[in-house]
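Here is a short guided tour of one protein model, written for reading alongside the view. Take a moment to turn the structure around, and then follow along below.

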Amino acid sequence: MSTECGVEVVPAIRVLAWTWRVGTLACLAYLLRQCDVEDAGLESLFGDEWRAYRRSVPYRLIPYFV
């Protein structure tokens, strides 16, 4: 991937840019995994009440974005 301004020609900037990209993806993967873990815990704690709530609220992480 390159940028129009050519800033990623500098090796240190290239490393920082890729670190930022990989870190962002890792954080997103962690958040999505954490949603599954918390859903399982809440379902075991609240049972049918939690399942009814999940049906009424279809989004998980960002409101109105599935």
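Let us begin with Glu4, which lies in the segment before α1. Helices here are DSSP runs of H or I of at least four residues and strands are E runs of at least two, numbered from the N terminus. This is a predicted model, in which local features need pLDDT of at least 70 and side-chain atom pairs count only at pLDDT 80 or more, while totals for chains, interfaces and linings use all residues. Residues are numbered from 1 along each chain as its sequence is written, and side-chain values use heavy atoms, with hydrogens and water left out.

Glu4 is exposed, at a relative accessible area of 86%. The accessibility classes are buried (under 20% relative accessible area), exposed (over 50%) and partly exposed (in between), with a 1.4 Å probe and protein chains only. From Glu4 to Cys35 the C-alpha distance is 37 Å, with their positions 31 residues apart in sequence.

**The overall shape**

The protein chain has two helices and zero strands. Its radius of gyration is 19 Å, well over the 11 Å that the globule rule gives for 66 residues, so the chain is more spread out than a compact globule. That radius is taken over C-alpha atoms, and the rule is 2.2 Å times the number of residues to the power 0.38. Along the principal axes, the C-alpha atoms fill a box of roughly 55 × 20 × 10 Å. A pair of residues gives a feel for these distances: Leu45 and Val9 are 36 residues apart along the chain, and their C-alpha atoms are separated by 53 Å. Leu45 belongs to helix α1.

Of the 66 residues, 11% count as buried. The chain exposes about 5800 Å², and carbon and sulfur atoms supply 68% of that area, as computed by the Shrake-Rupley method with a 1.4 Å probe.

**Around Asp39 and Trp50**

Asp39 sits in helix α1 (residues 11-46). Which residues does Asp39 contact, leaving aside its neighbours within four places in sequence? They are Trp50, Arg54 and Arg60, where contact means heavy atoms within 4.5 Å.

Trp50 also takes part in the one aromatic pair that the structure holds. Its partner is Tyr53, and the pair is tilted, at 5.3 Å centre to centre and 35 degrees between the planes. Rings of Phe, Tyr and Trp (its six-membered ring) pair if their centres lie within 6.5 Å; planes under 30 degrees apart are stacked, over 60 edge-to-face, and the rest tilted. Trp50 and Tyr53 are three residues apart in helix α2 (residues 48-56), so about one helical turn separates them.

The table sets out accessibility for four residues.

| Residue | Relative accessibility | Class |
|---|---|---|
| Trp50 | 14% | buried |
| Asp39 | 19% | buried |
| Tyr53 | 43% | partly exposed |
| Leu45 | 62% | exposed |
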